[in-house]
Amino acid sequence: MLLRLAWRNIWRNQRRSLIILGSIVVGMAIIVFLDALVVAFLNQTFENQIGSHTAHIQINREGFKDNKTVQNYLPATETVEALVRNNPEIAHYSRRIITFGLLNSAYNSSGISFVGVNPEDEQYVTTIKQYIVEGRYFRGDANEIVMSRRTAETLQVGLGDRIVGMASTVDGDIGSEMFRVVGLYQTVSSGFDRMHAYIPLATAQHMLGLGQNVSQFALIASDLDNVPHLRSTLQESLGDKYEVLSYAEIMPLLMTMIDMSQQSMVFIYVIIGIAMIFGIINALLMSIFERIREFGVIMSIGMKNSRIFIMIMFEAVFLGIISIVGGAVIGGGITLQLQNSGMNLAAFSEGLASWGIGAVLYPELSIAVIFRAMFVILCTCLLASIWPAVKAIRLKPVEAMRYV
Amino acid sequence: MEIIKTENLDKVYEDNGIPVQALKNVNFSVRKGDFTVLAGPSGSGKTTLLNLIGALDSPTAGKIFFEENDISKKKPRELSSLRLSKLGFIFQAYNLIPVLTAIENIEFAMMLTGISEKERRQRALDVMEELGIRELADKRPNEMSGGQQQRVAVARAIVNNPMVILADEPTANLDSKTGAVLLDIMERMNKEKNITFVFSSHDPQVIERGKRLVMLHDGMIESEKEQ
């Protein structure tokens, strides 16, 4: 009956309730949309970074992370390969050679990070193949090179053109190879595009005098959540001559950004909550002032303060529940629509590209997004009800009944 | 047997910072089965006395005993329990909860005592039948006349079988005919069920029907007589 009474109480003044409901619905819808947008932003940044190069785990020689020279190749490629080949916790792996060098065309030169890969393996680890915008991915010829469109523009070369790659060999000499441009890629990260060019692994080994050695194993774990455990296991097995790094260690800046973004969402929740709370408090206080005599009556009948307090909280919770439904429908509907069509942020594409985000953002609606918004709304409503409820229970029956 | 007894009861209000003596040295008792009327002019202290013996207010000085327990210093929570279990109230302005139907208003008092939904529905219907207001069960207060609302208020007051019902000017907002009907009902409850009633009123027909009349003047009991 207390629930019924609380429910009917909120409809005593329909106009006021509808206005306050409208404001909470808008708040809920904004939270859902913003949260879905931030989730999308973070997920897409994360996935682009993982997918373009980083992978989940990298195995290098100790010190390679800070000194990416050709001399820092893995001490025993076969040992590492034996460890990762049939490991059920590893979905895919790719051997790589990574070294800095120079690309020279007839017109220009550009510093570059050569990434020597075996295309059959690399295509399961990174997504460069999907980012080819002109030409094709590797077909197995020894002198193919895939570079970014941006680098091609710098070098003023196009598909089929020949360029010379140069890098320091393992012995300290200069190694060079002639390459033919077969594909141009364009990822969402302008910084990444400027730095990376892909060549076949065997050609890189030959050019740098590495024999069968490689610089790195890039791994994709079967389960992302298992990465910390897998990293520890591999590090333990390989010993201290190797550095086994998880994506979190490779991209500390990105992980900090993700953490900060999540924290800033909490801040946004609080701001939206504060914006709503005064409206709800005002509506509940008005409702209580209109019922002061009635509170006097129910107190004189014998209704305890705790029940009065709970009844007012129920009223706030009802406001919250109705708003949650309305906000989830409106906010969820808009978000779902944009999740399918994408939000075209071409006007901010350069800025987004520096964060590794494409010009079209797809908000990601999930149950977690809805639950977070629900939590914010319910907490706001409950907090908002405390002051009016305290006001109500501080009334004295006799004075309340005399109230005009 | 005395249910309520006051000893040297004083009540002083502050009105804009000026102390107003509402009751002065009042010694009064309510016995089981009483049909007592507190009468007197406006400002004589009728409602104040009713509020004090109804555990709605606390005295400035003196004591109030309910079934021989001093309630003048009890905590609000204890007074709340006392009101819920032992007292029933009828107000001048009916004071039904506007968003509840008649039967829900009656059930509301029982809900507070924790009676099951099924039982309180049955008991509410029985009381409504007894008071001849069964057909009003699903009506909200704004769909009922003053007399009907006051009968629902009586039903709400008696449904928990209180020891005493305190009625503050119950007929003041009713025409004399409707007031008489209401008094008939309360008189019947008093006779048939031995429910104790204490009224505050200056309505002549209430004063006339009281078995005991207590006259108040300037916060003091001026006279007391059995009728």
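**Exercise 1. How much area does chain B expose, and what share of it do carbon and sulfur atoms supply?**

Before the solution, a note on the basis of the work: this is a predicted model, in which local features need pLDDT of at least 70, side-chain atom pairs count only at pLDDT 80 or more, and totals for chains, interfaces and linings use all residues. Residues are numbered from 1 along each chain as its sequence is written, chains are lettered from A and ligands numbered from 1 in the order in which they are written, and side-chain values use heavy atoms, with hydrogens and water left out.

*Solution.* Begin with the method: accessible areas come from the Shrake-Rupley method with a 1.4 Å probe, and for residues only the protein chains shown count as cover. For chain B the exposed area is about 9,800 Å², and carbon and sulfur atoms supply 46% of it. Then turn to chain A, where the accessible surface comes to about 18,400 Å² and 59% belongs to carbon and sulfur atoms.

**Exercise 2. Work out whether the radius of gyration of each chain agrees with the globule rule.**

*Solution.* Step one is the rule itself: the radius of gyration is taken over C-alpha atoms, and the globule rule is 2.2 Å times the number of residues to the power 0.38. Step two applies the rule to chain B, whose 227 residues would give a compact globule a radius of gyration near 17 Å, and the value of 17 Å for chain B agrees. The C-alpha trace of chain B spans about 45 × 40 × 40 Å along its principal axes.

Step three takes up chain A, whose secondary structure comes to 15 helices and 12 strands. For its 404 residues the rule gives 22 Å, but the radius of gyration of chain A is 31 Å, so chain A is more spread out than a compact globule. Along its principal axes, the C-alpha trace of chain A spans about 100 × 45 × 30 Å. Step four looks at the domains, whose bounds come from an automatic or database domain assignment: chain A is divided into domain 1 (2-49 + 254-402) and domain 2 (63-239), and their centres, taken over C-alpha atoms, are separated by 49 Å.

**Exercise 3. Describe the charged side chains of the two chains.**

*Solution.* First fix what is counted: Lys and Arg are positive, Asp and Glu are negative, and His and the chain ends are not counted. The place of a charge is NZ of Lys, CZ of Arg, CG of Asp or CD of Glu. Chain B then has 30 positive and 33 negative side chains, with the centres of the two sets 4 Å apart. Chain A has 30 positive and 32 negative side chains, and here the centres of the two sets lie 19 Å apart.

**Exercise 4. Find where B:E67 and B:E169 lie, and decide whether each is buried or partly exposed.**

*Solution.* Start with the elements: helices (H or I, at least four residues) and strands (E, at least two) are DSSP runs, numbered from the N terminus. Chain B has seven helices and 10 strands. B:E67 is placed in the loop between strand 4 (61-66) and strand 5 (69-70) of chain B, whereas B:E169 lies in the loop between strand 7 (164-168) and helix 6 (176-193).

Next comes burial, where buried means under 20% relative accessible area, exposed over 50%, and partly exposed in between (1.4 Å probe, protein chains only). With a relative accessible area of 29%, B:E67 is partly exposed, while B:E169, at 10%, is buried.

Last, look at the backbone. Most residues other than glycine have a negative phi. The phi of B:E67, however, is positive, near 50°, and B:E169 also has a positive phi, of about 45°.

**Exercise 5. Which residues are in contact with A:L284 and with B:N51, leaving aside neighbours within four places in sequence?**

*Solution.* A contact means heavy atoms within 4.5 Å. A:L284, found in helix 10 (residues 252-289) of chain A, counts as buried at 3% relative accessibility. Its contacts are A:E315, A:A316, A:L319, A:A384, A:S385 and A:P388. The C-alpha atom of A:L284 is separated by 63 Å from that of A:G63, which is 221 residues away along the chain.

B:N51 lies in helix 1 (residues 46-53) of chain B and is buried, with a relative accessible area of 10%. B:N51 is in contact with A:V398 of chain A, and with B:L56 and B:D57 of chain B.
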